[in-house]
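Biologist: I am new to this model and would like to get to know a single part of it well. Please pick one helix and show me its buried side, its charged residues and its surroundings.

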Amino acid sequence: MTAQRPLGVDELLDQVREGLDRVEAKEAYDAEQAGEALLVDIRYAALRERDGLIPGALVVERNELEWRLDPQGSHRAPEATSHDLRVVVVCNQGYASSLAAVSLRQLGLHRATDLVGGFQAWKAAGLPVTG
């Protein structure tokens, strides 16, 4: 029996992104404005303080994400209402968010995805930022 070669993070990202319907900044903005998606900002505090916040986004640091977004969880956020919820995960540049979205899908949030380019793409697109 031959041991399987471990994946590198770049390969892992390529694999997980095949199953995600990733969204661009303007599409995420439009979906959030229409009440069709929940934006979830997983950036850590120093980045939020440095760069600002996306108005209306739920801030949940990465280490709490699954507990806060599991609709069946005892520690869920009030916004985590259903497994049908369309969640768009936002990190700083769109890498960690892909892995986070796949983790949410494993919890049954089958519409979870992430923002291509992360917060930096949002900001570059001229979309609203506070702070």
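Modeller: What follows is a close look at helix H2, the loop before it and the parts around it. First, a word on the basis: this is a predicted model, in which local features need pLDDT of at least 70 and side-chain atom pairs count only at pLDDT 80 or more, while totals for chains, interfaces and linings use all residues. Residues are numbered from 1 along each chain as its sequence is written, and side-chain values use heavy atoms, with hydrogens and water left out.

H2 spans residues 25-33. Helices (H or I, at least four residues) and strands (E, at least two) are DSSP runs, numbered from the N terminus. The buried residues of this helix are Ala-25, Ala-28, Ala-31 and Glu-32; buried means under 20% relative accessible area, exposed over 50% and partly exposed in between, with a 1.4 Å probe and protein chains only. Looking down the axis of H2, you find these buried residues within an arc of 130 degrees, so they line one face of the helix. (The arc is that of the directions from the helix axis to the C-beta atoms.) An α-helix has 3.6 residues a turn, so residues three or four places apart point the same way.

What lies over that face? The cover for the buried residues of H2 includes strand S1 (38-41), strand S3 (87-90) and helix H6 (118-124). Ala-28 also belongs to a separate, second core of 14 residues, with Ala-37, Trp-122 and Leu-127 among its other members. A nonpolar core here is a set of buried Ala, Val, Leu, Ile, Met, Phe, Trp, Tyr and Cys residues joined through side-chain atoms within 4.5 Å.

Now for the charged residues. Within H2, Asp-30 and Lys-26 form a salt bridge, their closest N and O atoms being 2.7 Å apart. The term stands for a side-chain nitrogen of Lys or Arg within 4 Å of a carboxyl oxygen of Asp or Glu. Because Asp-30 and Lys-26 are four residues apart in the helix, about one helical turn separates them. Asp-30 is partly exposed at 37% relative accessible area, and Lys-26 is partly exposed too, at 47%.

Step back to the loop between H1 and H2, where you find Val-23. With 1% relative accessibility, Val-23 counts as buried. Leaving aside neighbours within four places in sequence, Val-23 is in contact (heavy atoms within 4.5 Å) with Ala-28, Arg-86, Val-88, Thr-113, Asp-114, Leu-115 and Val-116.

Arg-22 meets Asp-114 in another salt bridge, at 2.8 Å from N to O. Since Arg-22 lies in the loop between H1 and H2 and Asp-114 in strand S4, the pair ties together parts 92 residues apart in sequence. Arg-22 counts as partly exposed at 21% relative accessibility, whereas Asp-114 is buried, with a relative accessible area of 0%. In the whole structure, a search finds eight salt bridges.

Finally, look just past the end of the helix: after H2, Gly-35 takes a positive phi of about 75 degrees.
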